[in-house]
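Visitor: Hello! I would like a close look at one part of this molecule, with the numbers that go with it.

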Amino acid sequence: MRKLIYIFIWLLSSHEVLGQDIHFSQFNVTPLVVNPALTGVFNGDQRASLNYKDQWTGFGAGYKTYSFSLDAGLMKRKWRNAHLGVGLNAFNDVAGDLNMSTSKVLVSVSGILNLNNQHQLSAGIQGGVVQNSLDQSNLIWDDQFQNGAYNPANVSMDYVNAEPFYYGDVSAGVSWNYTINQTNISSYDATRIEAGFSIHHLNRPSISFSNSVDKLYTKLIFHANSNIGITNTNFSIQPGFLISLQGPSKEVLMGSIFRYRIKESSHFTGYFSEKAISIGTYYRLNDAVIPSMWFEIGNFALGISYDLNVSQLRASSNMRGGMELSLRFVNPNPFSYGKGVKPSFN
């Protein structure tokens with residue numbers, strides 16, 4: 001099995017790129033990964049997020065993905081019906097015993113236009129540098145076996161260029177936000193719909209650990225989220241979906257979260273110290289069921305989810321997919337953010 005995993009990674013890295021990019025199950029809290037048009041689209045002035053995913057550890061070292069993003073809305077108070085968004089997203093993905101690593105640093109810029117009190121449009125572009133690297137010290141090849149026994153002293157005739165290489169990456173997207181005009185409630189709880197479309201790897205960079213030249217497939221993402229408030233309650237339903245198409249690969253992720261908002265406020269000072277808890281489930285088509293839970297306390301939000309593998313691979317994985325953790329900070333408090341700012345999901 002170990003040998004088969006090495007061969008599989010080799011096929012992905014040095015021949016046609018048949019797999020998708022790295023992804024997060026909590027797509028609704030990784031906006032800069034999903035669509036650059038979502039940069040600066042949130043209830044607040046500054047936002048910072050940390051994400052961690054640990055996947056397929058039942059098969060050797062598996063995959064570990066780390067992501068950090070920081071974005072802000074600019075000119076909100078100077079421009080009446082528009083503002084800018086700027087952001088930074090950096091992540092590192094390490095796969096298998098070969099430590100096949102992908103590191104990215106991306107900068108994004110967006111323009112956000114309020115058409116009226118209900119409709120908002122945004123468009124964004126993202127670009128940066130990517131590094132790929134590989135640790136070949138653990139590579140095992142067929143010609144290193146003699147009489148069925150592995151001999152590391154045998155020099156393989158197969159060639160891998162394990163030197164790190166770099167390339168540029170460019171993405172772009174658009175997004176639409178619709179909010180039902182409601183009064184006497186926080187904009188954070190307004191009924192709303194957000195939908196968008198993005199194109200990643202517009203420049204189709206060449207990636208290969210061999211002498212061949214292979215181009216990364218362009219990736220298309222369609223996504224939507226919504227918040228539907230239940231009248232006269234602190235409950236809301238947040239259904240959403242994401243469809244990702246990259247070459248011959250496809251990912252369809254859909255589900256819903258039920259959110260309960262706990263309100264603790266002073267009637268005299270107007271000071272808000274509010275909390276919310278959310279529980280739900282997502283489903284990745286032909287792959288995994290993903291139970292999820294979120295805790296929100298003032299400026300902070302903590303999320304945890306787990307991919308339960310339900311594909312044909314479950315006989316070997318024992319339904320173990322991967323755990324995902326997210327931590328988000330928004331300034332100022334998104335529960336009581338000022339009037340005139342379009343609500344957002346992120």
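Visitor: Let me pick one aromatic residue: is Phe222 buried, partly exposed or exposed, and what is its relative accessible area? Please go on from there to its ring partner and to the other side-chain pairs.

Guide: Happy to. Please keep in mind that this is a predicted model. Phe222 is partly exposed, with a relative accessible area of 34%. Buried would require a value under 20% and exposed one over 50%, so Phe222 falls in between at 34%. The ring of Phe222 pairs with that of Phe197 in a tilted arrangement, with 4.9 Å from centre to centre and 35° between the planes. This pair links distant parts of the chain, since Phe197 belongs to strand 9 (residues 192-200) and Phe222 to strand 10 (residues 219-229), 25 residues apart. Phe197 is partly exposed too, at a relative accessible area of 27%.

The structure holds 7 aromatic pairs. Among them is a tilted pair made by Tyr52 and Tyr66, whose ring centres are 5.2 Å apart and whose planes meet at 45°. Tyr52 sits in strand 1 and Tyr66 in strand 2 (residues 63-74), so this pair ties together parts that are 14 residues apart in sequence. On accessibility, Tyr52 is partly exposed at 23%, and Tyr66 is partly exposed at 40%. One further ring has a charge for company: the charged end of Lys76 sits over the ring of Phe42, 5.3 Å from its centre.

Strand 1 also leads us to the charged side chains. A search of the whole structure finds 12 salt bridges. In one of them, Lys53 meets Asp307, with the closest N and O atoms 3.2 Å apart. Lys53 lies in strand 1 (residues 46-55) and Asp307 in strand 15 (residues 300-309), which puts the partners 254 residues apart. Both partners are buried: Lys53 has a relative accessible area of 1%, and Asp307 has one of 2%.

Asp307 has another partner, as its side chain meets that of Arg284 in a salt bridge of 3.1 Å, N to O. Because Arg284 lies in strand 13 and Asp307 in strand 15, the pair ties together parts that are 23 residues apart in sequence. Arg284 in turn forms a salt bridge with Glu251, where the closest N and O atoms are 2.8 Å apart. Here Glu251 comes from strand 12 (residues 249-262) and Arg284 from strand 13 (residues 275-284), 33 residues apart. Glu251 counts as buried at 6% relative accessibility, and Arg284 is buried at 4%. These residues belong to a network of salt bridges that links Lys53, Glu251, Arg284, Asp287, Asp307 and Glu324.

To set these pairs in the whole chain, there are 3 helices and 16 strands. Strand 4 (residues 100-114) and strand 5 (residues 119-133) form an antiparallel pairing over 14 bridges, and they make a hairpin with 4 residues between them. Within that pairing, Val105 has Val129 in strand 5 as its bridge partner. Strand 5 also runs antiparallel to strand 8 (residues 165-179), joined by 14 bridges, and there Gly124 has Gly173 as its bridge partner.

Of the 346 residues in the protein chain, 47% are buried. Among contacts between residues at least 6 apart in sequence, 60% join residues at least 24 apart. The accessible surface comes to about 16800 Å², and carbon and sulfur atoms account for 62% of it.

Conventions
Residues are numbered from 1 along each chain as its sequence is written. This is a predicted model: local features need pLDDT of at least 70, side-chain atom pairs count only at pLDDT 80 or more; totals for chains, interfaces and linings use all residues. Side-chain values use heavy atoms; hydrogens and water are left out. Two strands pair if DSSP finds at least two bridges between them. Helices (H or I, at least four residues) and strands (E, at least two) are DSSP runs, numbered from the N terminus. Buried means under 20% relative accessible area, exposed over 50%, partly exposed in between (1.4 Å probe, protein chains only). Contact means heavy atoms within 4.5 Å. Accessible areas come from the Shrake-Rupley method with a 1.4 Å probe; for residues, only the protein chains shown count as cover. A salt bridge is a side-chain nitrogen of Lys or Arg within 4 Å of a carboxyl oxygen of Asp or Glu. Rings of Phe, Tyr and Trp (its six-membered ring) pair if their centres lie within 6.5 Å; planes under 30 degrees apart count as stacked, over 60 as edge-to-face and the rest as tilted. A charge sits over a ring if NZ of Lys or CZ of Arg is within 6 Å of the ring centre and within 35 degrees of the ring normal.
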